[in-house]
Amino acid sequence: MQRPTDQDTYTAVDAFVEGTLFAEPDEALAAALAATTAAGMPEIQVTAAQANLLAILCRTVNASRILEFGTLGGYSTIAMARTLPPDGLLTTLEFDPDHAEVAWENIERAGLADMVDLRIGAALETLPLLASEGAGNFDFVFIDADKLNTPAYFAWSLDHTRPGGLIFADNVIRGGSIVDLEGDEASAAQRMFHEYLAEEDRVSATTIQTVGGKGYDGFVLAFVKK
Ligand code: SAH
Ligand code: DHB
Ligand code: MG
């Protein structure tokens, strides 16, 4: 008989995956998670399984320049920054100074301080500064900040990602609310994001629905055409 495909099953399966593929102690990620929880910050970081998907994608494109929107406690930051070559750099944008403080401690503890550039402020205000500093040529972009601005973050990222690079936008499905025409503004933004992607010839994009310990959601993965 089939198990009920509900949240209990998604959680149990994620626990199984964590208990098998990710059973080996990962001190940097475990410490980051513990510090994030201890600080009372929201527990909305990617799962261990999702973090390794990000790391695999970074490795696949040989990323030496990574851009992240939404640092929180630095969990995904650490997972991605660890894939960088010695001269690599991950730039991560965080609005909340309290989150940034906890994240920076976690990043330092993980031995990644030299490879991470953490910028505090609203990402839309930080982006022009990055541009004026000549930032660009990113190999991989992870968009995971305020969901209303996902389309704007994507548009900027596309202009600053090298051909052959990847842009990953998290949380586009939001429990299925993307198809709920009466839904909130953030869901409308994800619909608009898809309409925009459909018209954007510079990328080949797809949307994948996901279930797991963090519920029902999904992501957009876009390949910047050569
Ligand atoms: N990527 C993290 C989770 C990020 S949660 C991980 O998986 O480990 C989303 C983060 O985006 C929060 O820390 C929130 O403070 C931040 N954020 C919200 N609005 C923002 C904005 N306008 N600019 C930058 N960061 C923002
Ligand atoms: C939220 C943000 C995220 O990045 C996520 O993965 C899940 C939830 C949120 O803001 O609620
Ligand atoms: Mg997210």
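**View 1. Strands E1 and E4 side by side in the predicted model.** In this predicted model, strands E1 and E4 run parallel to each other and are joined by four bridges. If you would like a landmark, look for Phe69, whose bridge partner in E4 is Ile143. On its other pairing, E4 meets E5, again in the parallel sense, over five bridges. Here Phe138 stands opposite Thr161 in E5. How many of the six residues of E4 are buried? Six of the six are, so E4 is largely enclosed by the rest of the structure.

**View 2. The whole sheet, strand by strand.** Stepping back, you can follow seven strands in the order E3-E2-E1-E4-E5-E7-E6, which form an open sheet with mixed pairing. Strands E3 (116–120) and E6 (203–212) stand at the edges with a single partner strand each, so one side of each has no neighbour in the sheet. Ignoring direction, neighbouring strands are turned by 15 degrees against each other on average.

**View 3. The E3 edge and helix H5.** Strand E2 (residues 89–94) runs parallel to E3, and five bridges join the two. Thr91 is a handy place to start, as it stands opposite Asp117 in E3. Helix H5 (residues 97–109) packs on the sheet here, touching E2 and E3. The direction of H5 makes about 165 degrees with that of E3.

**View 4. Helix H7 across the sheet.** Helix H7 lies across E1 (65–69), E4, E5, E6 and E7 (215–224). Relative to E5, helix H7 runs at about 165 degrees.

**View 5. The magnesium ion.** Which protein atoms serve as donors to the magnesium ion (ligand 3)? They are Asp144 (OD), Asp170 (OD) and Asn171 (OD1), lying 2.0 to 2.3 Å from the ion. Along the chain, the donors follow the spacing D-x25-D-N. Asp144 sits in the loop between E4 (138–143) and H7 (150–159), while Asp170 belongs to E5 (residues 161–170), so the pair ties together parts that are 26 residues apart in sequence. Both Asp144 and Asp170 are buried.

**View 6. The surroundings of ligand 2.** Around ligand 2 you will find Ile44, Asp144, Lys147, Asp170 and Asn171. A polar side-chain atom of Asp144 is 2.7 Å from an oxygen atom of ligand 2. For Lys147, a side-chain N or O atom lies 3.0 Å from an oxygen atom of the ligand. Ile44 takes part through its backbone, with a polar atom there 3.4 Å from an oxygen atom of ligand 2. Asp144, Asp170 and Asn171 will be familiar from the previous view, as they are the protein donors of the magnesium ion.

Note on methods
Residues numbered from 1 in each chain as written. Chains lettered and ligands numbered in written order. Predicted model: local features only at pLDDT ≥ 70, side-chain atom pairs only at ≥ 80, totals over all residues. Heavy atoms only, no water. Donors = N, O, S within 2.8 Å, 3.2 Å for Na, K, Ca; no water. Buried < 20%, exposed > 50% of the residue type's maximum accessible area, 1.4 Å probe, protein only. Pairing = 2+ DSSP bridges. Axes fitted to C-alpha atoms, helices over the stretch in contact; angles between N-to-C directions. Contact = heavy atoms within 4.5 Å. Near = heavy atom within 4 Å. Polar contact = N/O pair within 3.5 Å; in protein donor to acceptor, adjacent residues only side chain to side chain.
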